[in-house]
Structure formats: structure tokens, C-alpha cells
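Got the viewer open? Let's take a walk through this one together, a selection at a time.

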Amino acid sequence: MADFFKKMGSKFESLKKHKMNALANFNVPETPDEEFQNAAATFYSLKDNVFTLVDSAHNFVDTMTSYTKSLESVTEGFGATMTGGETDAPECDAAAATQVVFDFSNSVQEACINFFNANVLDPLRAKRTAIEEVEAAIKKRHKLKEEYDYYYEKVRKLREKSGDSAKTQEKIDRNEPKLEEAKVELKTASAPLIALFNECQSIRSKFVAFEYENFKKCQNIFFNAGVDKFKTLDVSTFELVPMPPLGTGAFAESVPATADATATATATATATATATATAVPASDSTGTDSGSAAPAAAPTATATAAGGDAGDIGEGTRAVALFDFEPNADDELKLVAGQELIVHVQNDGGWWEGEANGQVGLFPASYVKLQQ
């Protein structure tokens with residue numbers, strides 16, 4: 001008996017396989033299916049939107065993570081620049097920035113990612129799983145539709161055969177119940193799907209409203225909390241420190257003296273002597289001393305640096321200071337950002353001579369901008 005059932009089962013599987021091959025190879029025209037397809041359009045649109053949103057949500061989490069990593073990397077770079085990479089270097093202001101980034105990464109970022117996962121990403125994943133289950137039901141319904149179309153076309157062709165032979169009628173009688181059975185199964189599978197599709201249409205406007213609102217909350221928390229964290233950094237005492245001009249100050253001590261450097265130093269000394277010269281007493285037409293000193297005239301350089309020319313000497317060119325400059329020597333001129341001054345000598349060595357507020361001296365050329 002066991003062998004009998006085994007043979008019948010094998011035969012049944014063979015017939016089933018034969019039927020499925022026939023369905024696949026037989027060019028069966030599809031019967032109308034507009035109601036189902038029209039209802040499914042909204043579902044497929046929602047499916048594409050949700051799947052895209054899941055990918056975008058993952059990218060947003062990656063963005064939040066990479067944002068703090070970038071902050072950490074840049075902050076460490078500033079710290080290394082200011083300390084010179086020395087382990088025993090004194091603490092600098094970069095340490096405070098590093099601490100702020102660390103706090104932001106371990107409090108704000110972690111809280112935002114947890115909130116986002118719970119209120120945006122997890123609900124979207126659940127919707128995606130539900131959509132995948134619906135898609136599985138649609139595939140089963142599609143198989144039933146193929147079977148229905150197969151029997152529909154088979155019975156139609158049998159009825160169109162010429163003659164009314166008993167053999168043809170026998171085939172019709174044998175396939176019509178199968179057609180009816182396939183029709184019932186297709187209708188049974190289609191009804192709940194069409195109902196679901198229509199429900200999707202009615203809820204479309206609010207289908208992902210919960211996730212969207214929480215996404216906006218997460219954005220606000222992440223960026224506003226970040227702003228609040230970085231507001232704690234005191235940058236009011238920081239000053240812009242430009243690169244020192246070549247050949248001046250402490251930087252000059254590390255540069256070997258050259259012929260050009262010597263010429264520049266000589267020109268600087270000459271210009272200083274001119275700038276600090278005392279006023280000469282005025283004489284009357286008879287050559288005798290009048291007893292009172294004339295006001296000091298605006299000094300002009302009497303020598304130029306190596307490479308300069310006499311065209312740089314004259315009444316002067318108006319300029320405006322770009323940065324503050326504190327003199328390090330008696331022959332240097334103090335500058336205040338925004339201050340107007342007169343440039344008398346434009347040396348090639350990086351230091352110019354000029355006048356501001358009745359004072360004459362040298363200053364870095366890069367600290368001022370000539371006015372037309």
C-alpha cells in the first residue's frame with residue numbers, strides 16, 4: 001500500500017510539473033484585470049517611497065555619525081598644529097573644543113540616533129516588512145491569474161472548434177469545472193488585496209506623517225543642541241595671527257643672512273635715522289637764527305632697499321591698515337586695523353615706511369592695503 005501511494009504521489013508531482021510547464025510555454029492571452037491593476041497603482045507607489053525612505057534614513061544616521069567624526073578629526077588637527085604634536089605641550093584652547101566635540105558625540109549624537117531609530121527607522125522597517133508580505137500575496141495571486149487565463153483560453157478554443165464531436169465536448173466538460181475553480185480562487189485571492197489597495201489610497205497623505213514629524217524633531221535636536229554645545233566655547237579672546245613677513249622678528253633669527261637681507265637691514269637703518277631726525281632751526285633772510293624751531297615736516301626716506309627705486313619716494317600713497325600691529329622696535333610704526341596712513345617708501349624687503357597720527361616708522365607691507 002505504501003508503494004501505491006508513493007507511485008501516486010510521484011505521478012501527481014509529474015502531472016503538476018507538466019501543467020506548470022504548459023502554463024509557462026503556452027502563449028496565453030491575459031484576461032482583463034483593470035480593477036486589480038488600478039487599485040494596485042497606489043500600493044506600488046507607496047512601496048517605492050517607503051523603500052527609498054528606509055535607504056535615506058540609513059544615510060541620515062551615517063551622516064550624523066560621520067559629522068562628529070569629521071569634527072573630531074579637524075579639532076585634533078588644530079590641536080596638533082598648536083601644540084606641535086608634543087605630548088608634554090601645555091594645554092591650549094583646542095582642548096576645550098575637543099571636549100565639546102566629545103560631549104556632543106557621546107550625548108547629543110547618541111540620543112539623536114537612538115531617537116531616530118525608535119521613531120523613524122524602525123517604523124519604516126516595519127512598513128517595509130508588511131509591504132514585502134503583501135508582495136508575496138500578489139505573487140501568489142499572479143500564479144492564480146495565470147492558471148485562470150490558461151483554462152479560459154483552453155475552453156474558448158475548444159468551443160470554437162468546428163463540429164460538435166463527443167470528444168471535443170468531453171474535453172470541454174472536463175476543463176470547464178477547472179476554469180470555474182480557478183475563477184473562484186482568483187477572486188478569493190484578489191478581494192483582500194483590492195481592499196488593502198483602496199485603504200492605501202485613503203491613508204496615503206498620512207502614511208509616513210509620524211516618521212516625518214519625528215525626523216524633523218531629530219534634525220532640530222541634533223543641530224540646535226550642537227549649536228548650544230559650541231556656544232560654550234569662548235572665542236572672544238582669540239585674535240587673528242597672520243604669518244610673519246619673511247626676514248623680520250624671531251623668524252629672521254632662523255634664516256641665514258644673505259646679501260639681500262643685509263641690504264634690507266641697511267635701508268631700514270637709514271630710513272629710521274631719517275624718520276627720527278630732529279627739526280632744524282629756521283633762519284631769517286639775513287642768515288641769523290630767529291630763535292624758534294619750525295614744525296617738523298613729514299619725513300621722507302632718503303634711501304631705498306636693494307632693488308627699490310626713486311619712484312617710490314614722494315609725497316606718499318594713501319593706504320589703510322588691514323590688521324593691528326604692535327611695534328617691537330623704536331623705529332616701527334603702530335597700526336590699528338582700519339586706520340588710514342601715508343606710505344612714503346615701498347621697500348622690496350617686506351617692510352615699508354610710512355606715517356600715521358604724526359608718527360613715522362616701519363611696518364609690514366602685508367598689513368596694509370594701498371588705496372587708489
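**A tour, starting with a strand pair**

Select residues 359-364 to pick out strand S6, then add S5: the two run antiparallel and are joined by 6 bridges. To see one of those pairings up close, show the side chains of tryptophan 352 and its bridge partner in S6, phenylalanine 363. Now look at the hairpin that S5 and S6 make, with 2 residues between the strands, and click on asparagine 357, whose phi is positive, near 55°. Keep in mind as you go that this is a predicted model.

Stay with S5, residues 351-356, and switch on a surface. Is this strand mostly covered or not? Mostly covered: 5 of its 6 residues are buried.

Next, add residues 340-346, which is strand S4. S4 pairs with S5 in the antiparallel sense, over 4 bridges. Valine 345 is a good one to select here, since it stands opposite glutamate 353 in S5. S4 and S5 also form a hairpin, this one with 4 residues between the strands, and glycine 350 in the turn has a positive phi of about 100°.

Time for a helix. Select residues 166-203, and you have the 38 residues of H4. Put a distance between its end C-alpha atoms and you should get 56 Å; that agrees with the expected span, because at 1.5 Å a residue the helix should also span 56 Å. Now follow H4 along to serine 190, where it bends by about 25°, with proline 192 following within four residues.

Which residues of H4 are buried? Colour them and see: among them are Thr168, Ile172, Asn175, Leu179, Ala182 and Leu186, and further on Ser190, Leu193, Ile194 and Phe197. For reading that list, it helps that an α-helix has 3.6 residues a turn, so residues three or four places apart point the same way.

Now zoom out to the whole chain. It has 7 helices and 7 strands, and along the sequence the order is α-α-α-α-α-α-α-β-β-β-β-β-β-β. Of its 372 residues, 28% are buried.

Last stop: colour by pLDDT. The chain averages 75, and 65% of its residues reach 70 or more. Select residues 257-266, where the pLDDT is below 50 and the model has 2 contacts beyond near neighbours in sequence. Then select residues 268-314, also below 50, with 48 such contacts. Where pLDDT is low, the predicted coordinates should not be read in detail.

Methods: Residues numbered from 1 in each chain as written. Predicted model: local features only at pLDDT ≥ 70, side-chain atom pairs only at ≥ 80, totals over all residues. Heavy atoms only, no water. Expected span 1.5 Å × (residues − 1). Bend = angle between axes of the 7 residues up to and from the residue. Buried < 20%, exposed > 50% of the residue type's maximum accessible area, 1.4 Å probe, protein only. pLDDT = per-residue confidence, 0-100. Contact = heavy atoms within 4.5 Å. Pairing = 2+ DSSP bridges.
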